[in-house]
Amino acid sequence: MIVSGANPTPTDAGAAAGALTGAVDRLCAEVSGWTLVRWSATGSAGRSTADAVFELVQRIADLAADAEGQPHRPVPRLDAAPAVTDQLRVVVADLIAAPAPVATLTRAMDLVGAATPPAPR
């Protein structure tokens, strides 16, 4: 169930998991055709798109660890920048499988929504 309003908030774990998966799918679709040049483009925060998405992966991995009662562990950084979207999908699946509470899934969805790729320069 989703509560109506300007920014709908999932109210159960199934809806929250679906909303999170949808947000990740949209982000991954947006960046799927990018070249390595675009992945290395820096945004206003002075970091590359690859860095920003990798930071998102780590933050969601930390949320999953918290939901499982496990310590935070560093996510390995892969050499191929586009592979970070695969890592994102994996850590989100881990978070959903944890199972994470609705508030945690909603927090992850907010993080994904805030991970807007920088415009190319």
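At what angle do the axes of helix α3 (residues 49-68) and α5 cross? Keep that in mind as you set up the view.

**Before you click**

This is a predicted model, where local features need pLDDT of at least 70, side-chain atom pairs count only at pLDDT 80 or more, and totals for chains, interfaces and linings use all residues. Residues are numbered from 1 along each chain as its sequence is written, and side-chain values use heavy atoms, with hydrogens and water left out.

**Stop 1: the whole chain**

Show the cartoon. The chain has 5 helices and 2 strands. Helices (H or I, at least four residues) and strands (E, at least two) are DSSP runs, numbered from the N terminus. Trace the sequence and you meet the pattern β-β-α-α-α-α-α.

Switch to a surface. About 6600 Å² is exposed, with 58% of it supplied by carbon and sulfur atoms. Accessible areas come from the Shrake-Rupley method with a 1.4 Å probe; for residues, only the protein chains shown count as cover. Of the 121 residues, 44% are buried. Buried means under 20% relative accessible area, exposed over 50%, and partly exposed in between (1.4 Å probe, protein chains only).

**Stop 2: α3 and α5**

Select residues 49-68, then 102-114. Here is the reply to the opening: the axes of α3 and α5 cross at roughly 180° and come within 10 Å. Axes are lines fitted to C-alpha atoms, for helices over the stretch in contact, and angles run from 0 to 180 degrees between N-to-C directions. α3 is therefore roughly antiparallel to α5. Angles under 35 degrees count as roughly parallel, over 145 as roughly antiparallel, 65 to 115 as roughly perpendicular and the rest as oblique.

Now show side chains. From α3, the contact uses Leu56, Arg59, Ile60 and Leu63; from α5, Thr104, Arg107, Ala108, Leu111 and Val112. Contact means heavy atoms within 4.5 Å. By class, this contact has 6 nonpolar, 1 polar and 2 charged residues. Ala, Val, Leu, Ile, Met, Phe, Trp, Tyr, Cys and Pro count as nonpolar, Asp, Glu, Lys and Arg as charged, and the others, Gly among them, as polar.

Zoom in on Leu111, in helix α5. Leu111 counts as buried because its relative accessibility is 10%. Leaving out residues up to four places away in sequence, Leu111 touches Leu56, Arg59 and Leu63. Try a distance label too: the C-alpha atoms of Leu111 and Ile60 are 8.2 Å apart, with their positions 51 residues apart along the chain.

**Stop 3: α1 and α4**

Select residues 13-31 and 84-97. These are α1 and α4, packed at an angle of about 180° with axes 10 Å apart. The two helices are therefore roughly antiparallel to each other. Among the contact residues are Leu20 and Val24 of α1, and Leu88 and Val92 of α4. The contact residues divide into 10 nonpolar, 2 polar and 2 charged.

Pick Thr85, in helix α4. Is Thr85 buried or exposed? Its relative accessible area is 12%, so Thr85 is buried. Not counting residues up to four places away in sequence, Thr85 touches Cys28, Val31 and Trp39.

**Stop 4: two tryptophans**

Stay with Trp39 and add Trp34; both are buried. The whole structure holds 1 aromatic pair. The ring centres of Trp34 and Trp39 are 5.5 Å apart and the planes lie at 65°, so the pair is edge-to-face. Rings of Phe, Tyr and Trp (its six-membered ring) pair if their centres lie within 6.5 Å; planes under 30 degrees apart count as stacked, over 60 as edge-to-face and the rest as tilted.

**Last stop: Pro99**

Select Pro99, in the loop between α4 and α5. The peptide bond from Ala98 to Pro99 is cis, with omega near -15°.
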